[in-house]
Amino acid sequence: MSIRRLPEHLVNRIAAGEVVERPASALKELVENAIDAGSTRIAVSLAGGGLDRIEVADDGCGMGPEDMALALERHATSKLPDDAIEHVATLGFRGEALPSIASVARLTVESRIGGADGWRRVVDNGGLAEEGPAALPPGTRIRVEDLFARVPARRKFLRSARSEYAACVDVIKRLAMARPDIGFTLEHDGRRTLSVQPGEDRPARVAGLTDRGLAENSIGIDYERGGARLGGVAGLPTFNRGIADHQYLFVNGRPVKDRLLIGAVRAAYQDMLARDRHPIVALFIELAHEEVDVNVHPAKTEVRFRDPGNIRGLIIGGLRHALDAAGHRSAQRPSAAALGNWQQEPAFISPLPARQTFTTPDLGQASVWDGHQAYAPQPAARAEAAIAPPPESRTFPLGVARGQVAATYIVAEAEDGLVIVDQHAAHERLVLERMRRAMADGGVARQALLLPEVIELDEIACDRLETRAGELAEMGLELERFGAKAVLVRATPALLGHGDIKGLVTDLADEIGAYDSALSLKEKLDLVAATMACHGSVRAGRILSVAEMNALLREMEVTPHSGQCNHGRPTWVKLGHGDIEKLFGRK
């Protein structure tokens with residue numbers, strides 16, 4: 001078969017296959033055009049999840065009849081003033097979106113430049129249907145109807161209207177986050193589902209589009225490295241989600257989904273979140289346009305960096321710096337169910353006999369209770385002699401210890417409420433941070449085993465540990481190869497004691513294998529340290545003295561990241577005085 005040029009309508013449909021995968025893809029192109037037109041307000045209306053109709057109206061600069069005709073031709077654009085494609089500063093510039101959409105749908109473009117008359121042009125599946133004057137305010141209104149109606153092979157691969165609508169909402173949210181100076185509205189089947197006003201600050205816009213609770217459970221980011229700047233909002237590790245659908249990444253104002261960036265976010269949180277939990281972040285990277293190639297994907301959702309190592313370090317360093325500054329903060333969000341349990345009537349388990357006489361310690365006299373009221377037995381408690389007056393609670397953010405519940409939770413009184421601390425989770429974080437400080441100061445102290453322990457593993461796992469033996473020794477774990485399928489452990493970190501050495505070494509071998517190629521040396525060491533800390537922390541069930549409890553509280557107050565354990569769970573929660581008063585009906 002001889003080579004031939006494809007007809008224009010077929011070329012446009014091929015381009016549509018690259019650019020217009022689904023209604024959300026078309027919507028993204030149209031809204032990006034509206035943003036690039038200098039709009040201050042953009043209104044989006046959908047019908048049937050965008051399958052039936054997509055309409056985008058803006059108050060931007062508008063187009064005249066000649067520009068409108070050019071905009072519907074392939075590779076025609078106003079966004080690339082010269083041939084320096086690497087200097088493009090707009091969201092869209094390929095010049096294929098409008099003709100591609102018009103080749104697989106009925107496209108109506110209406111536009112007006114301020115001080116001139118409006119014009120209208122309709123293209124139906126690649127053919128000009130009509131054009132003429134139009135009445136509308138300055139700006140542009142584009143309507144896409146019956147997407148892929150004449151391309152049934154493409155239409156049948158689309159999802160339900162509900163799924164397509166969800167994808168459209170995600171597109172609008174990402175673009176609205178990128179431009180808090182622009183107002184956005186979204187209507188679906190006649191119902192307004194999203195509205196944000198122009199001129200919001202970035203944290204408020206991000207919180208409004210993700211989770212209102214983010215405003216109180218996040219920290220701002222402002223970090224610079226190697227000529228690139230990172231800004232945005234990062235949720236506290238304890239304010240997390242089960243899936244990574246609340247991670248928003250932007251490069252020079254462009255929403256992107258890039259594996260390098262997502263991996264860097266995961267690495268920054270890796271010792272503060274369980275592996276099945278994900279942080280909420282909105283990160284904005286600004287760098288010179290020639291340092292990033294935005295034309296590596298037809299839909300421009302992926303980018304390529306000239307120095308990817310610097311960008312990875314920028315994200316990890318910026319997030320770590322912000323999280324360090326958060327100190328012992330934790331997401332203070334007691335669940336409604338938990339508070340509801342406080343409000344329920346007590347469950348009477350063990351009724352007393354008909355008449356029961358006992359001594360009330362405070363009064364020193366016999367009290368008679370009516371056994372017809374079924375009360376539980378008196379709670380058992382312990383007390384310690386007060387050697388010195390207890391310190392004032394207002395002196396310390398986490399208060400002073402007043403007792404211990406279930407040999408697991410420390411109860412402390414602070415100036416502004418009641419603090420409950422999970423002793424195991426808190427101590428796990430403190431041990432990790434001690435190990436980090438020790439590594440920074442030259443190495444973790446080790447404790448030699450009286451009898452070296454032989455750990456049998458498969459050969460590949462032994463190879464991994466042998467390769468990292470020097471780094472593990474800096475962390476206090478001294479081991480050496482012992483044949484093909486075993487290692488000999490001679491010393492463990494003094495902070496951990498002996499514990500389950502086999503479990504520790506086995507976990508380390510697995511994690512080094514899983515992350516060895518993906519993480520930098522420092523990140524690998526952090527991962528190892530987190531695993532060690534989990535094996536060496538104070539367990540639930542251990543009785544602590546008041547002095548030990550207060551010492552733990554004071555160390556938490558000065559230790560980075562102490563608001564969450566190494567798996568992302570909170571180490572403490574607080575019930576403010578107002579919350580307590582509500583529980584008792586005082587408010």
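Helices and strands are DSSP runs, numbered from the N terminus. The model shown in these views is predicted.

**View A. Thr559 in the loop between helix 16 and strand 26.** Helix 16 covers 546-557 and strand 26 covers 572-576, and Thr559 has its place in the loop between them. Thr559 counts as buried because its relative accessibility is 3%, and buried means under 20%. A polar atom of the Thr559 side chain lies 2.5 Å from the backbone oxygen of Glu555.

**View B. The hairpin of strand 7 and strand 8.** Strand 7 (residues 183-188) pairs with strand 8 (residues 191-196) in the antiparallel sense, over five bridges. Thr185 has Ser195 of strand 8 as its bridge partner. Two residues lie between the strands of this hairpin, and Asp189 takes a positive phi near 50°.

**View C. An open sheet of five strands.** The strand order is 9-10-15-12-13, and the pairing is mixed. Strand 9 (218-225) and strand 13 (254-256) are the edge strands, each of which pairs on one side only. On average, neighbouring strands of this sheet are turned by 20° against each other, direction ignored.

**View D. Strand 12, strand 13 and the packing of helix 6.** Strand 12 (residues 247-251) and strand 13 are joined by three bridges in the antiparallel sense. Opposite Val251 stands Arg254 in strand 13. Helix 6 (residues 161-178) packs on the sheet and touches strand 12, strand 13 and strand 15 (281-286). The direction of helix 6 makes about 55° with that of strand 12.

**View E. Helix 9 packed on the sheet.** Helix 9 touches strand 9, strand 10 (228-235) and strand 15. Its direction makes about 140° with that of strand 9. Helix 9 is mostly covered, with 13 of its 18 residues buried.

**View F. The span and the end of helix 9.** Helix 9 comprises residues 308-325. At 1.5 Å a residue, its 18 residues should span 26 Å; the expected span is taken as 1.5 Å times one less than the number of residues. The end C-alpha atoms of helix 9 are 26 Å apart, so the computed distance agrees with the expected span. Gly327 follows helix 9 and has a positive phi, near 60°.

Definitions and conventions: Residues numbered from 1 in each chain as written. Predicted model: local features only at pLDDT ≥ 70, side-chain atom pairs only at ≥ 80, totals over all residues. Heavy atoms only, no water. Helix = DSSP H or I, 4+ residues; strand = E, 2+ residues; numbered from the N terminus. Buried < 20%, exposed > 50% of the residue type's maximum accessible area, 1.4 Å probe, protein only. Pairing = 2+ DSSP bridges. Polar contact = N/O pair within 3.5 Å; in protein donor to acceptor, adjacent residues only side chain to side chain. Axes fitted to C-alpha atoms, helices over the stretch in contact; angles between N-to-C directions. Contact = heavy atoms within 4.5 Å.
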